[in-house]
Amino acid sequence: MNGRNDKILIALTALSAVLMMAALYLALMGAPSANLQSETGRYAQRIIYFHISTAWVGFLAFFMTFVGGVGYLRSQARRWDILALSSAEIGTVFMLGVLVSGSIWAKPAWGVWWIWDERLTISLIQFLVYVGYLMLRSAVEDPTRRARFAAVYGVVAFISVPINFIAIRLWRTQHPLMFGTEGGGLGPNMMFAFFFCLATFTVWYVTLMGHRIRLEQLRDQAEAIKQTFMD
Amino acid sequence: MSYAKKILAIVWKDVVAELRTKEMFSAMFVFAVLVIVIFNFAFDLRVSGERVRQVAPGALWVAFAFAGILGLNRAFVMEREGGCLEGLLLAPVDHTAIYFGKMFSTVLFMLVVEAITLPIFTAFFGVNLFDLRLALIVLMGTVGFAAVGALLSAMTAQTRAREVLLPILLLPVATPVLIAAVKATAGILDGQSMAELARWFQLLLAYDLIFPAVAFMTFDFVVKE
């Protein structure tokens, strides 16, 4: 661990904190209210700034797990496995966030906590895939085998995502549209808040990745030190 | 020996082992029937008469999927318990031949179980499932399910959790197969035309092509020491 990386990480953490404050302000107060009838609806609509940003990070994290998996299978280098693992753990948390914030929004918007809408369904399956990925990791003791298995599952699962999405979309189109796109379009001022939140969450993701990767590297170092004393 | 012959040899080995023990087949078959019986009780409270048609495809495919998981679990755990996986890996064949051998033997076992389960299902649920197109759906769905299943089963057999882990890894990845198979089966029950069913066939075909290819590329990493 060198000092320069630590300084970058501290700076990123501070930047995330500042951006998050601004994003909170924009999402809750800065952005104009949506053109909706009910007051509850107008408040509830504001969740989309964080909801969609969370979903974006969830899928981005999953993509990085795939990248880490492919990298590991090609090079067998530990750093790719660390990337995949860190991204999967962070992605799981964000995907859970998507499901929870989606349900909170669905209640006032659609009157139910959950519908088998294509995006909700794919998010849920995505979350379950992540959980499976982490369970697979915890069930293998040998580190290189763990990394290989996780990489293979990461690749298989990632390839299944678009097919899953197509399947769910085809499945849903057989039903009539249950709700309009009321309040779905964003005005120009809302767009700014929206992209600001998206950027904030991306920075936050990078920061969390930095911390998680650092933690895993320190763990490896501790393990290596332990080994030298044992020998 | 050509590549196809090597695959056939592995399938044949599995078939002979199964014919002598009959442990996998009997377990899969009894389990499939039990799932149907359990579903019958579960639905009986609310669903009757004509509405059975609406739940029948789902019940059928859940039975197939669960029986398939049971068979897939045995496919590699059996080899490990007997210490035969090492022997298979030492054989002068490409490792992917082992994958395809296991996949085809799983497909074969599942198809036999499904062929016997379908008439029973027809009798229990009172829906007519004798249709050539349905046979094609069952075949394509089974191939897709076994294609991912054989790859993941090779992995989970080498983990601490073994049998527990396979459904957790397999089911989220196999949802497209289940969605397509259930919708296509339902379409046939509803008397839809081939044109209406085409997209589900396309989806199954895509799945049946993509995942064996993915497994072909990654299987080496799963079995190498």
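Mentor: We start with a rule about crowding. A residue is buried if 20 or more other C-beta atoms lie within 10 Å of its own, exposed if 12 or fewer, and partly exposed in between, with C-beta atoms placed from the backbone. The model is predicted, so local features need pLDDT of at least 70, side-chain atom pairs count only at pLDDT 80 or more, and totals for chains, interfaces and linings use all residues. Residues are numbered from 1 along each chain as its sequence is written, while chains are lettered from A and ligands numbered from 1 in the order in which they are written.

Trainee: Why is B:Lys22 called exposed?

Mentor: B:Lys22 has 11 other C-beta atoms within 10 Å. The cut-off is 12 or fewer, so B:Lys22 is exposed. B:Lys22 sits in the loop between helix H1 (3–21) and helix H2 (23–44) of chain B. Helices are DSSP runs of H or I with at least four residues, strands are runs of E with at least two, and both are numbered from the N terminus.

Trainee: What is notable about phi of B:Lys22?

Mentor: Phi of B:Lys22 is near 60°, a positive value in a residue other than glycine. Most residues other than glycine have a negative phi. Chain A offers another case: phi of A:Gln76 is also near 60° and positive. A:Gln76 lies in the loop between helix H3 (47–75) and H4 of chain A.

Trainee: What makes A:Gln76 partly exposed?

Mentor: A:Gln76 has 14 other C-beta atoms within 10 Å. That count is between the two cut-offs, so A:Gln76 is partly exposed. B:Ala206, in helix H8 of chain B, is judged in the same way: 16 C-beta neighbours inside 10 Å make B:Ala206 partly exposed. The C-alpha atoms of B:Ala206 and B:Gly144 are 9.1 Å apart, yet 62 residues separate the two along the chain.

Trainee: How do you know that A:Leu85 is buried?

Mentor: A:Leu85 has 23 C-beta neighbours inside 10 Å. The rule asks for 20 or more, so A:Leu85 counts as buried. A:Leu85 belongs to helix H4 (residues 78–110) of chain A. Leaving out residues up to four places away in sequence, A:Leu85 touches A:Arg137 and A:Glu216. Here, contact means that two C-beta atoms, placed from the backbone, lie within 7 Å.

Trainee: Why are H6(B) and H8(B) called roughly parallel?

Mentor: Look at the crossing angle. The axes of H6 (residues 132–156) and H8 (residues 194–223) of chain B cross at roughly 15° and come within 9 Å. Axes are lines fitted to C-alpha atoms, for helices over the stretch in contact, and angles run from 0 to 180 degrees between N-to-C directions. Under 35 degrees counts as roughly parallel, over 145 as roughly antiparallel, 65 to 115 as roughly perpendicular, and the rest as oblique. H6(B) and H8(B) are therefore roughly parallel.

Trainee: Which residues in H6(B) and H8(B) meet?

Mentor: Those of H6(B) include B:Gly144, B:Ala147 and B:Leu151, and those of H8(B) include B:Leu204, B:Phe211 and B:Val222. The residues of this contact divide into 17 nonpolar, three polar and one charged. Nonpolar covers Ala, Val, Leu, Ile, Met, Phe, Trp, Tyr, Cys and Pro; charged covers Asp, Glu, Lys and Arg; the others, Gly among them, are polar.

Trainee: What makes H5(B) and H6(B) oblique?

Mentor: Helix H5 (residues 95–125) of chain B packs on H6(B) at about 140°, with the axes 9 Å apart. That angle fits none of the three named ranges, so H5(B) and H6(B) are oblique. Among the residues in contact are B:Tyr99 and B:Met103 of H5(B), and B:Val143 and B:Ala147 of H6(B). By class, this contact has twelve nonpolar, three polar and two charged residues.

Trainee: How many residues of chain A are in contact with chain B?

Mentor: 27 residues of chain A are in contact with 25 of chain B. H6(A) gives the most to the chain A side, with 17 residues. That side has 22 nonpolar, three polar and two charged residues.

Trainee: What makes up chain A as a whole?

Mentor: Chain A has seven helices and zero strands. Of its 231 residues, 35% count as buried. In H1(A), A:Ser16, A:Ala23, A:Leu26 and A:Ala27 are buried.
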